[in-house]
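Here is a friendly walk through the model on your screen. Keep the viewer open and follow along.

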Protein chains: 2
Amino acid sequence: MTDVEQRRGRPGYDRAGILAVAVSAFIEHGYDATSIAMLAERLGLSKSAIYHHFASKEALLAAALDQALGGLEAVVIESEALGGPAEDRLAHVLRGAVHVLVDRLSEVTLLLRVRGNTDVERDAVRRRRAFDRAMQALVREAQDAGAVRADVDARIVERLLFGMVNSIVEWYRPGGPEDASRLADDLLTIALDGIRAR
Amino acid sequence: MTDVEQRRGRPGYDRAGILAVAVSAFIEHGYDATSIAMLAERLGLSKSAIYHHFASKEALLAAALDQALGGLEAVVIESEALGGPAEDRLAHVLRGAVHVLVDRLSEVTLLLRVRGNTDVERDAVRRRRAFDRAMQALVREAQDAGAVRADVDARIVERLLFGMVNSIVEWYRPGGPEDASRLADDLLTIALDGIRAR
């Protein structure tokens, strides 16, 4: 057990803290291999202290996935509230998605591993698909407005752009040389203008 | 058992066929949860018939990872043999990587899940890192030549570009509307010129 875990393990651990430890365990050992008993051991809490905050292991997963999905959905809603050209709204979502990913790295990592084997996972997959469809529609709108090149299929553009965003979870580590704003700038530079010098 | 598995399961199954079934099982159940006994069952072969071709489960993993890595490394060597401007060599590798990924989808999927827990996995991680470093050097060379914009860090450019390539394993399914060459064209369009219309 690390110092952080020992410090966190004291009784009085709050809902957010329990969830953070659960998310780490899900990523490290896999969701199926993680039990409430293991989490209780890690947290230095009784199982009933965990159940006081979360009705089940699945409720922990649902809460974690909701943090990731809720963050992304909030960015989409923000972009709609901003209004303006579709291209600007797309750029806003791409930038916001990088921030959500960096701020909620573990939760997004978990989301990207979900395959839809349970009701909670199927619900998360459904929300991911709705996000993707909304972004495909936005790419199409920007193409129709002449702001985004129309010679690439909107679905492929959307998949490749958000694939690039999602790939950040593979290597990004908090406290590294690249902060989220700089990373979002770099990603927008590549996505919108490409790497070719002019 | 599916029809394909039954057909494949006849005695006389060759090395490549055994490997393909093993890779599917590793992806479906995880490497740790897959045993030689399970593979023998799936193939309708004895365990010793498998051992005739592969000394161990780890040898199966090593062969699968080598197909993915060997494909990518061959593309790099090809690009060096082509010579010419760094930008063209980078485009060649990006295009070739899309083809390797589409042709060896399962093996690359397995490669992207490897975390370096065994000697075989550590060797694969080492080869992936060597590939990434070679690509970072190529981006830098293209920047020095003035062909690639220099206002984005070469390491970040490399990670985002190949992150976009790797993300294809998440959604690409053989026989879909997008063939590998078209997909490679689309990816190069986005990577080099961006999606903004001019």
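The two copies meet through the same surface, because 100% of the interface residues of chain B are also interface residues in chain A. Chain B superposes on chain A by a rotation of 180° with 0.0 Å of shift along its axis, at an RMSD of 0.0 Å. The two copies are thus related as by a two-fold rotation axis. The superposition is a least-squares fit on the C-alpha atoms of residues with pLDDT of at least 70 in both copies.

A word on the ground rules: this is a predicted model, in which local features need pLDDT of at least 70, side-chain atom pairs count only at pLDDT 80 or more, and totals for chains, interfaces and linings use all residues. Residues are numbered from 1 along each chain as its sequence is written, chains are lettered from A and ligands numbered from 1 in the order in which they are written, and side-chain values use heavy atoms, leaving out hydrogens and water.

A good place to start is A191(B), which sits in helix 10 (residues 180–193) of chain B. Helices here are DSSP runs (H or I, at least four residues), and strands are E runs of at least two, both numbered from the N terminus. With a relative accessible area of 0%, A191(B) is buried; that word means under 20%, while exposed means over 50% and partly exposed lies in between (1.4 Å probe, protein chains only). Leaving aside neighbours within four places in sequence, A191(B) is in contact with I190(A), G194(A) and I195(A) of chain A, and with L94(B), L161(B) and M164(B) of chain B. Contact means heavy atoms within 4.5 Å. The C-alpha atoms of A191(B) and L160(B) are 9.3 Å apart, with their positions 31 residues apart in sequence.

Next comes Q136(B), in helix 8 (residues 119–144) of chain B. Q136(B) also counts as buried, at 11% relative accessibility. Beyond four places in sequence, Q136(B) is in contact with A154(B), R155(B) and E158(B). With E158(B) there is a side-chain to side-chain polar contact of 3.4 Å, a term for N or O atoms within 3.5 Å where, within protein, one must be able to donate a hydrogen and the other to accept it, and residues adjacent in sequence count only if both atoms are side-chain atoms.

Now for the charged pairs. Side chains of opposite charge can pair when their charged atoms come close. A salt bridge is a side-chain nitrogen of Lys or Arg within 4 Å of a carboxyl oxygen of Asp or Glu, and the count comes to 26 over all chains. Among them are these:

| Salt bridge | N to O distance |
|---|---|
| R126(A) and D123(A) | 2.6 Å |
| D153(A) and R155(A) | 3.1 Å |
| E28(B) and R42(B) | 2.9 Å |

The E28(B) and R42(B) pair links distant parts of the chain, 14 residues apart: E28(B) is in helix 2 (residues 15–29) and R42(B) in helix 3 (residues 36–43) of chain B. E28(B) is exposed at 55%, whereas R42(B) is buried at 15%. Salt bridges that share partners also join D66(A), E73(A) and R127(A) into one network.

R126(A) and D123(A) both lie in helix 8 (residues 119–144) of chain A, three residues apart, about one turn of the helix. D123(A) is partly exposed at 32%. Partly exposed also describes D153(A), at 27%, and R155(A), at 38%.
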